[in-house]
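User: Please pick one part of this model and go through it closely. Give the cut-offs along with the terms.

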Amino acid sequence: IDHVLDGDRELREIEAALAIAEDSHDAQAMCDLHERLHSIDGYAAAARAGRLLHGLGFSAEEQHKPVHEFSGGWRMRLDLAQALMCRSDLLLLNEPTNHLDLDAVFWLQEWLLAYPGTLIVISHDRDFLDAVCTHTLHIAQGGGNLYSGNYSAFERLRAERMAQQSAVREQQDRQIAHLQTFVDRFRASAAKARMAQSRVKMIERIERVSVAAADPEFSFEFAAPDKLPAPLIRLSDVAVGYAAQPVLTGLGANIAPGDRIGLVGPNGAGKSTLIKLLAGSLRARSGTETRHPDLRVGYFAQHQLEQLDPAASPLDHFRKLEPNKGEGELRKILGGFHFSNERVFEPVGPFSGGEKARLALAMIVHQRPNLLLLDEPTNHLDLDMRQALALALQSFVGALVLVSHDRHLVASVCDVLWRVSDGHMAEFDGDLDDYARWLSTRERDYTRALEATPAKAKVAEAKVVEAKPVERAPDRQQRERERPLKQALRQAETRVDSLHSRLSEIERLLADEQLYRDSGKDPLQRLLGEQATLRNELVHAEETWLAAAGALERCA
């Protein structure tokens, strides 16, 4: 708590001056300093720091521990709390959610919405940006453009702007081509030389509109697993942990193909421990754990990037996975993850975090797992890569267990939430919005108790820890009935999206005037034929989607 209080520099300056005044028995100085302390609400500073620490996941006891006893991720939270403690006019936050769990992200979002100053934040969490930002500054190609609205509004406005710029640029190109034709024709004519020169000046005066470059698209997909047995894993009254102390007890669950499970709960509650149990990295201390013989796990750990060999190249990593495959085949696989040319031969040590994460994901995808375990896979991924991961996971036919503070990813791919807390795991009855509301209610109870007395806050915190969301016992038969219907619905949605994307690309190509000249007849006919075929396929795909959605609704 002392580290956080250091964020209020004026408070610390007044406290230091007050100590000197008290030592010298300077009554007037003490009176003036106490007045200043009152004016900055200094007497409530410790309570304010306590609220910040509690919101970021620190218990009442942890708030008084030495800083050096915390890990790097928790120290990042302490530094964030120190920045929030500063009574600032301008708050600069660079990836503030990277070391937070969902509980803390929801709390930070609410805190920032009440912040009275100006906030400038860099984040790859689109839902977080949508919630806290009123403007979006897009920096690209050595410049920046400020858009009104949150991130979703920016995406829409930028797409419109790119379309307008493209149309204006095409119009300018046609105008310049027309003027240049006259110049080329009459430049050598003495009678029309002045007119030709006039048109040269007209061309020079045209301010060319630069077409906004679209961000490079990235996409990939998980190959279908060789086998999809059910259930993949069955847990019955399982306890798991480290050394002599279990972290989680009473675990009971069945995981089958098509399951989409998001793990929520505060950091340190045992989410990663549960993931390690499912991955086979930890063994059950008691209870029954049954793993199907055909189970094939793809596991992305929190510290997955540290397991890459920094001296080895991407090609070297794949050679270890597939020693019998040739270089050309391996390079083709790597090319699908944007590793091409000389990049496949370079050591991965100097690679960026995003490039290393792409390589780690490529290695997992290539193993054709039927159970995906992803523990904070987005920490080093930009927005485009996160979107590509979400689309790939939506069409994955195996089972998925996901831990992520990226709400957009969790909401996009998970059908059910498991809350891990207080040594237990249970299904949460609701979606992420329900979870956020439940957390907000819990935080208000704690804040009211803290404002009453600090002593009552400890009691309130204990009660908060004991509080459970409204949870339901899973209806296994209902979930078994819904699973193939949900899978069919996801596959239909993916097909419809793919067809819409290709049709949009064909429409863009058909807008090219060059295509309608004599030399373009063959490509034109091919595009028109493909367009007609895809439109028919889209009708059938949408009918399939409607049928799947109706079947799922009737089943529910």
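Analyst: Two strands count as paired if DSSP finds at least two bridges between them. Strands themselves are DSSP runs of E with at least two residues, helices are runs of H or I with at least four, and both are numbered from the N terminus. The model is predicted, with local features needing pLDDT of at least 70 and side-chain atom pairs pLDDT 80 or more, while totals for chains, interfaces and linings use all residues. Residue numbers start from 1 along each chain as its sequence is written, and side-chain values use heavy atoms, without hydrogens or water.

The part chosen here is an open sheet of 3 strands in the order 6-5-8, paired antiparallel. Its edges are strand 6 (245-255) and strand 8 (286-291), each of which pairs on one side only. From one strand to the next, the twist averages 35 degrees (axes are lines fitted to C-alpha atoms, for helices over the stretch in contact; angles run from 0 to 180 degrees between N-to-C directions).

Between strand 6 and strand 8 in the order sits strand 5, which covers residues 233-242. Strand 5 and strand 8 are joined by 5 bridges in the antiparallel sense. At S236, the bridge partner in strand 8 is T288. In general, strands of a sheet pair through backbone hydrogen bonds, either parallel or antiparallel.

A helix also belongs to this picture. Helix 10, residues 271-279, lies across strand 5, strand 6 and strand 8, where contact means heavy atoms within 4.5 Å. The helix thus lies across both edge strands, 6 and 8, and runs at about 125 degrees to strand 5.
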